[in-house]
Amino acid sequence: MAYLCELTDELVLARHPDPELFAALCLALEQVIGGAPQALHLRQYELAVLRCLGLSPALTSCCVCGSEIGGEDSAAFDGPRGGVLCLEHERGAPRLPAAALAAIQHLEAGGDPAALASAPAGLRRAVRDAIQSIVRSHLRRPLHAQAFFAALPRDAGAEGVGAARLC
Ligand SMILES: [Zn+2]
């Protein structure tokens, strides 16, 4: 929960009141308080925050030239530069599996995160890394809550919703 609030505070600041973002924060907090905090809910919330700030990543067309992307096993994706990139502009950008890109599109479109719960861990990790690369590039400083989660042992919470897995 600290992570949700801190993320919102850092990215949005008090000068940018936004009903849509507030609604998204309420929903995310509800999910966390409701006892089933899932990493994918956080990913969806991060996408909502980015959308409210006009920072949504390009997912279907090159973020530099706008040419359409798709039809391959993976796409070049550079979060800080703005999303997917075409062959001409991908220079050195990391590759994102097409399935991870589709998962991000699903979350971005407001799809149920639970639909992705059974996705392979590697795919969920790729989704997390891609979204967080964007979030991180817009933060003024690392979040305390995130550092806290990162410091927890990875196997904390054997029942499956260990705090370490939230971020
Ligand atoms: Zn391009």
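Which residues does Arg-141 touch, not counting residues up to four places away in sequence? Keep that in mind as you open the model; we will select Arg-141 at the last stop.

**Before you start**

This is a predicted model, in which local features need pLDDT of at least 70 and side-chain atom pairs count only at pLDDT 80 or more, while totals for chains, interfaces and linings use all residues. Residues are numbered from 1 along each chain as its sequence is written, and side-chain values use heavy atoms, with hydrogens and water left out.

**Stop 1: the whole chain**

Show the protein chain as a cartoon. Six helices and three strands make up its secondary structure. Here helices (H or I, at least four residues) and strands (E, at least two) are DSSP runs, numbered from the N terminus. Follow the chain along its sequence and you will meet the pattern α-α-α-β-β-β-α-α-α.

Now colour by accessibility. Buried means under 20% relative accessible area, exposed means over 50%, and partly exposed lies in between (1.4 Å probe, protein chains only). Of the 167 residues in the protein chain, 43% are buried. You can also look at contacts, meaning heavy atoms within 4.5 Å. Among contacts between residues at least 6 apart in sequence, 59% join residues at least 24 apart.

**Stop 2: the zinc ion**

Select the zinc ion. Which protein atoms are its donors? They are Cys-62 (SG), Cys-65 (SG), Cys-86 (SG) and His-89 (ND1), lying 2.0 to 2.3 Å from the ion. Donors are N, O and S atoms within 2.8 Å of the metal (3.2 Å for Na, K and Ca); water is not among the atoms, so sites may look incomplete.

The angles among the four donor atoms run from 97 to 115 degrees, and the site is tetrahedral. Four donors earn that word if all angles lie between 85 and 135 degrees. In sequence, the donor residues follow the spacing C-x2-C-x20-C-x2-H. Cys-62 and Cys-86 link distant parts of the chain: Cys-62 sits in the loop between α3 and β1, and Cys-86 in the loop between β2 (83–85) and β3 (95–97), 24 residues apart.

Next, select the donor residues one by one. Cys-62 and Cys-86 are both buried, and Cys-86 counts as buried because its relative accessible area is 10%. Cys-65 lies in the loop between α3 (39–52) and β1 (74–78). Is Cys-65 buried or partly exposed? Its relative accessible area is 41%, so Cys-65 is partly exposed. Leaving aside residues up to four places away in sequence, Cys-65 touches Cys-86 and His-89. Measure from the C-alpha of Cys-65 to that of His-89 and you should find 8.1 Å, although the two are 24 residues apart along the chain.

With several cysteines on screen, you may wonder about disulfides. A disulfide is a covalent bond between the sulfur atoms of two cysteines. Counting a disulfide as a pair of cysteine sulfur atoms within 2.5 Å, the total comes to zero.

**Stop 3: helix α3**

Select α3. This helix has 14 residues and reaches 20 Å from its first C-alpha to its last, close to the 20 Å expected at 1.5 Å a residue. The expected span is 1.5 Å times one less than the number of residues. Twelve of the 14 residues are buried, so α3 is largely enclosed by the rest of the structure. Among the buried residues are Leu-40, Tyr-45 and Val-49.

Arg-43 also belongs to α3, and its relative accessibility of 2% is why it counts as buried. Show side chains to see a polar contact of 2.8 Å between Arg-43 and Glu-46. A polar contact is a pair of N or O atoms within 3.5 Å; within protein, one must be able to donate a hydrogen and the other to accept it, and residues adjacent in sequence count only if both atoms are side-chain atoms. Just after α3, Gly-54 has a positive phi of about 75 degrees.

**Stop 4: Arg-141**

Finally, select Arg-141, in the loop between α5 and α6 (144–151). Arg-141 is partly exposed because its relative accessible area is 32%. Here is the reply to the opening question: Arg-141 touches Glu-6 and Glu-10. Arg-141 and Glu-10 are 131 residues apart in sequence, yet 8.2 Å apart in space, C-alpha to C-alpha.

Conventions: Tetrahedral: all angles 85-135°; square planar, octahedral: opposite > 155°, others 65-115°.
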